[in-house]
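Me: Please take a close look at the salt bridges in this model. I want to know where they are, how exposed their partners are, and what surrounds them.

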Amino acid sequence: MLRITRLPIDESTNLLKLEGTLLEPWIEEIKRSVSSSPSAIKLDLSALTFADAAGIKVLANLIRRGAMLAACSGYIAALLHVEKS
């Protein structure tokens, strides 16, 4: 199960908090949740407990396109090859 919470930070930036497991069937929902430019998104992945290859691919793509990590578990950070925040 995946819970997606979108919280406004300011006029131009939203926090996208993902909780649970990110699997391929929910990729389109993630893409719909990022309706604005990825650079206007901060990702909170601290409660994301698992992501399959498709989930990691979409997250890595968002980060490459400018999304910022607000928080991330060590497990997901290792999969994304980023520093834990």
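Reply: For exposure, a residue is buried under 20% relative accessible area, exposed over 50%, and partly exposed in between, with a 1.4 Å probe and protein chains only. The model is predicted, so local features need pLDDT of at least 70 and side-chain atom pairs count only at pLDDT 80 or more, while totals for chains, interfaces and linings use all residues. Residues are numbered from 1 along each chain as its sequence is written, and side-chain values use heavy atoms, with hydrogens and water left out.

The search of the whole structure gives 2 salt bridges, a salt bridge being a side-chain nitrogen of Lys or Arg within 4 Å of a carboxyl oxygen of Asp or Glu. One pairs K31 with E28, at 3.7 Å from N to O. The other pairs R32 with E29, where the closest N and O atoms are 2.8 Å apart.

The spacing comes from helix α1, residues 27–33: K31 and E28 are 3 residues apart there, which means a separation of about one helical turn. R32 and E29, also in α1, are likewise 3 residues apart, about one helical turn. Helices here are DSSP runs of H or I with at least four residues, strands are runs of E with at least two, and each kind is numbered from the N terminus.

Exposure can be given partner by partner. In the first pair, K31 has 46% relative accessibility and counts as partly exposed; E28, at 45%, is partly exposed too. In the second pair, R32 reaches 54% and counts as exposed, whereas E29, at 36%, is partly exposed.

The helix also has a buried residue. S33 lies in α1, and its relative accessibility of 11% puts it in the buried class. Leaving out neighbours within four places in sequence, S33 is in contact with I4, R6 and L16, contact meaning heavy atoms within 4.5 Å.

Two of those partners of S33 are themselves paired: the bridge partner of R6 is L16, in strand β2. Strand β1 (residues 2–8) and β2 run antiparallel and are joined by 7 bridges; strands count as paired if DSSP finds at least two bridges between them. β1 and β2 form a hairpin with 5 residues between them.

Between β2 and α1 there is a loop, and L23 is in it. L23 is partly exposed, with a relative accessible area of 26%. Not counting residues up to four places away in sequence, L23 touches F50 and D52. The C-alpha atoms of L23 and M1 are 8.5 Å apart, although the two residues are 22 apart in sequence.

Next comes the core. The largest nonpolar core has 22 residues, among which L18, L22, L45, L48 and L59 touch the most other members. Helix α1 is one of the elements that give two or more residues to this core, along with β2 (14–22), β3 (41–51), α2 (53–64) and α3 (74–80). Such a core is a set of buried Ala, Val, Leu, Ile, Met, Phe, Trp, Tyr and Cys residues joined through side-chain atoms within 4.5 Å. As an example, L59 is in contact with L18, L22, L43, L45, L48 and L80, again leaving aside neighbours within four places in sequence.

For the whole chain, the element order from the N terminus is β-β-α-β-α-β-α. The radius of gyration is 11 Å, close to the 12 Å that the globule rule gives for 85 residues, so the protein is as compact as a globular protein of that length. That radius is taken over C-alpha atoms, and the rule is 2.2 Å times the number of residues to the power 0.38. Along the principal axes, the C-alpha atoms fill a box of roughly 30 × 25 × 20 Å. Of the 85 residues, 39% count as buried. Among contacts between residues at least 6 apart in sequence, 67% join residues at least 24 apart. The exposed area is about 4,900 Å², of which carbon and sulfur atoms supply 55%; accessible areas come from the Shrake-Rupley method with a 1.4 Å probe, and for residues only the protein chains shown count as cover.

One backbone detail remains. H81 lies in the segment after α3 and is exposed, with a relative accessible area of 72%. Phi of H81 is near 60 degrees, a positive value in a residue other than glycine.
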